Amino acid sequence: MNKFLSLTKIQVIDFFSKYTQQLNVKNKYLGILVMFLPILLIFPATQMVLEIYNSFLAMGFPELTVTYMYIANTILMVVVSIPFIISVFFYSKDLRLIATLPVKEDTIVFSKLASVYIYLLAISSFFLGTAVVIYGTIGELNLSSLIVGIIALIISPLIPMIIATIIILPFMSVIGSGKRRNLMVVVGNMLLLGAIIVLQMLSSKIQLQPEELNNILLQEDGLLMVVGRRFPPSIWLTKMIQGSIVNGVLFIGLNVVLVLILKTFAKTVYSKALMKFNQEGDSIRGGKIYYKSRNKGLQMIKRHINIIISNPVFLMNTVLTIFMPILMFIIILFTGEIQGELLKSTVLFPYHVYIFSAIITTPAIIGSLSATVITREGKTFWETKVLPISARDNIKYRIYTTLIIKLVASLILGIMTIFIIPVNLQTVLVATVFCITSTLFFSSIDIVINIERPLLNWSNPTAAVKNNLNILLALLLRLVVGVIGYGLYKLIDGWEASVVMLVFSGLFIILYFISIYIVYGMYEEKFIDIAP
Amino acid sequence: MLILKNVSKIYGNNKKAVDQLTLQIEKGEIIGFIGPNGAGKTTTIRMITGIIALTEGIIEINGKNITKEPVEAKKNFTFVPDHPTIFDAIKGIDYLNFIGDMHEVTIQHRKDRIEKYTKAFQIYDSLTQTINSYSHGMKQKLLISGALLPDPNLFILDEPMVGLDPHSAKILKDIMREHCEKGGTVFFSSHVLEVVENLCDRVAIIHRGKLIACDTPKNIKKNSSATLEEIFLEMTKDE
Ligand SMILES: Nc1ncnc2c1ncn2[C@@H]1O[C@H](COP(=O)(O)OP(=O)(O)O)[C@@H](O)[C@H]1O
Ligand SMILES: [Mg+2]
């Protein structure tokens, strides 16, 4: 147990160091403040949960809020934990060291999962946590259900985490052998994620016969059974919070059983998947020795793109953040939750500019590639600093790399959308202008975050691109811009959509010039002094 | 060729790693920069190469100030760090071409020099493999080959002998000698004293961020019957 605790402690400290790194004494309070930034996300989460609560309350089943949030939360956690588990297990730099320590395989597996658990618990707190608190406190305070709910919250990450682990570890040992391993890992996991989402969507669409449905609804917990049939533990959890001991035993028992299953298989899983994966490097041989000169800028951009492509976690993360929204959209479309006709209807026509702009601008809004462009280089960051190129160019090519990736993604999204929504040329042009101007702004200003917080010493790639404060700061920036933008929109309410979008594009151009001044004027010095 | 004037470095945690260091290196010299672990060798080299900024002082390489004219200054040197951590998902030959492009080496030069050095280090046949399949020593040899590719005026190496087998270390020493005979300058750090003693024209000893001696190995030993090692240990003794 001692070994487990100290191993876990190291993993957890490593996890948190990505948030606290660089918060030195000088701006200690700012640092603490910044640590609490993620908590701001509780407001939109609360808003959402309250709305759900009110609709279930109107039906007379407020407890369904918990059921519903628990199901959504579990799906989200499975999806989020897959890349994370891959990162800590297969691409973590400490693995070689840990493998040499005299500790049991299950100890290693569980201590590695500790950081995944914390991450999932944070997510769970926003969704299930708010649901539990709202259900337990609104109306009359129900202390026992609040306490049971919090216990449920604490164990809620276990099911998705262990299921994801049990799926992913053997899966990786299948796709992780042979040549082009990294490519296989990315493609394989994207397909897996897609499959999980589709399955989820399909399971919610299972049609019940009307008589059957009526029968179920007539029962005491009818609606709960209908909502929870996708995932029975959600029924147990709901009843447990309502005070049922039997269901509590079922729910907690399931978690215990899963932990035991993982513990039993840990040895096999660890030695088969992990050791095999770590032994075979993804090296490419062959080709010719060539001597060819290329443009410096192209070489630099190629380097930065290569850094993303060569690391499956970076690549998956980039592709997911950019295409996830559209992926969801398409899946929803195919499973029929939104009718195709609705999108083609003329009612929506005035909003086409907004919809189209929003879709093609997702890469710039959701992705914050520039905020991690230095971090992704990690310990190899020194390489470009000793070369005879100026700091300005060095920064510039990083921004260009982000721009290229995002604009290509926007282009792909645009082409896909044109097939779904019948937009006209004017819409396309206006949206394109908006997309380019906003992408220019976000791609340049984001790098300031990374220059402020370079984080070159990461031990697993998720820490470099997702699990760190830079990403949250980038999101906060978007939130602020969004809120101000919304305020402006309210002011000029009634203007034609295209005009509104062009006004915003103009504002983004101004912001872009300001960001250029900030990046090259104020942050070049700081870039030069980033210590490895 | 290389001038350091009152150079200091204070890290973010208020750690003074280099303290008022002054040093002048002439063209054609091989200088060994020695000192115990944590003396400030790597920090000094990082400032010379522009990896980190100086807290105070001036560094000039071939008359170009590294702070004021970084690009011009950087055209005059190449650098091999103490750890061969480079982006390794590309092939060895891609790396060398990348360095060649950055230093604007012509194709003919590139071919001649890459063949010369990688064959000497016996990594030529591995150039078509990705660098992540190389051993530590192979990576180091690749970095050294890359650094020699532009035929730099000043060749800077941080602890170059660590991790090289005796055979490769010998080749590197010969290359360093040859580089100087052709008018180049070599500046390298080390804690291996024999290497320094036999190879260097002059030795600079750094201790706790301060330069405590800078002379030919012979002069340092002159008034003493002790070996260089004994003198070094005496000089850098902790009170
Ligand atoms: N990035 C850094 N931040 C703070 N202190 C550092 C950093 N790098 C080195 N130091 C400190 O500076 C001193 C000199 O280190 P270094 O130049 O690496 O020594 P050497 O290369 O001679 O062994 C050491 O005490 C070390 O702890
Ligand atoms: Mg050193």
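Accessible areas here come from the Shrake-Rupley method with a 1.4 Å probe. The exercises below work through a predicted model, beginning with whole chains and ending with single residues.

**Exercise 1. Describe the exposed surface and the make-up of chain A and chain B.**

Solution. Start with the surface of chain B, which exposes about 10,000 Å², with carbon and sulfur atoms supplying 47% of it. For chain A the exposed area is about 24,900 Å², and there carbon and sulfur atoms supply 72%. Next, take the secondary structure: chain A has 25 helices and zero strands, whereas chain B comes to nine helices and ten strands. Then consider burial, where 50% of the 532 residues of chain A count as buried, and where buried residues make up 55% of the 239 residues in chain B. Finally, turn to contacts between residues at least 6 apart in sequence: in chain A, 83% of them join residues at least 24 apart, and in chain B residues 24 or more positions apart account for 67%.

**Exercise 2. Judge whether the overall dimensions of chain B agree with those of a compact globule, and describe how its charges are placed.**

Solution. The first step is the expected value, since a compact globule of 239 residues would have a radius of gyration near 18 Å; chain B has 18 Å, and therefore agrees with that expectation. The second step is the outline, for which the C-alpha atoms of chain B fill a box of roughly 50 × 40 × 35 Å along the principal axes. The third step is charge: chain B carries 30 positive and 31 negative side chains, and the centres of these two sets lie 2 Å apart.

**Exercise 3. Locate the nonpolar cores and say which residues and elements contribute to them.**

Solution. Begin with the largest nonpolar core, which has 173 residues and in which Ile59(B) and Phe187(B) have the most contacts. The largest share of this core, 15 residues, comes from helix H4 (residues 64–90) of chain A. A second, separate core has 29 residues, among them Ile399(A), Leu403(A), Val448(A) and Phe508(A). Now look at the surroundings of Phe187(B): leaving aside neighbours within four places in sequence, its contacts include Leu2(B), Leu23(B), Ile25(B), Phe33(B), Ile48(B) and Phe155(B).

**Exercise 4. Work out how helix H3 of chain B is covered, and follow its packing to Ile389(A).**

Solution. Helix H3 (residues 92–102) of chain B is mostly covered, with ten of its eleven residues buried; these include Ile93(B), Tyr95(B), Phe98(B), Asp101(B) and Met102(B). The buried residues pack against helix H14 (296–310) and helix H19 (382–385) of chain A, together with helix H4 (107–120) and helix H5 (136–148) of chain B. Just after H3(B), Glu104(B) takes a positive phi of about 55°.

On the side of chain A, Ile389(A) sits in the loop between H19 and helix H20 (391–420). Because its relative accessible area is 6%, Ile389(A) is buried. Apart from neighbours within four places in sequence, Ile389(A) is in contact with residues including Lys296(A), Met300(A), Val71(B) and Met102(B).

**Exercise 5. Examine two residues with positive phi, and decide for each whether it is buried or partly exposed.**

Solution. As background, most residues other than glycine have a negative phi. Leu455(A), which is not a glycine, has a positive phi of about 40°, and it lies in the loop between helix H21 (425–452) and helix H22 (461–465) of chain A. Since buried means under 20% relative accessible area, Leu455(A) counts as buried at 2%.

Asn62(B), likewise not a glycine, has a positive phi of about 50° and belongs to the loop between strand S4 (56–61) and strand S5 (64–65) of chain B. With a relative accessibility of 37%, Asn62(B) counts as partly exposed.

**Exercise 6. Set separation in sequence beside separation in space for His207(B) and Thr264(A).**

Solution. His207(B) is placed in strand S9 (residues 202–207) of chain B, and at 12% relative accessibility it counts as buried. His207(B) and Asp19(B) are 188 residues apart along the chain, and their C-alpha atoms are separated by 9.8 Å.

Thr264(A) lies in helix H13 (residues 245–279) of chain A and counts as exposed at 57% relative accessibility. Thr264(A) and Lys406(A) are 142 residues apart in sequence, and from C-alpha to C-alpha they are 44 Å apart in space.

Technical notes
Residues numbered from 1 in each chain as written. Chains lettered and ligands numbered in written order. Predicted model: local features only at pLDDT ≥ 70, side-chain atom pairs only at ≥ 80, totals over all residues. Heavy atoms only, no water. Core = buried A, V, L, I, M, F, W, Y, C linked by side-chain atoms within 4.5 Å. Buried < 20%, exposed > 50% of the residue type's maximum accessible area, 1.4 Å probe, protein only. Helix = DSSP H or I, 4+ residues; strand = E, 2+ residues; numbered from the N terminus. Contact = heavy atoms within 4.5 Å. Rg over C-alpha atoms; globule rule 2.2 N^0.38 Å. Lys, Arg positive; Asp, Glu negative; His and termini not counted. Charge placed at Lys NZ, Arg CZ, Asp CG, Glu CD.
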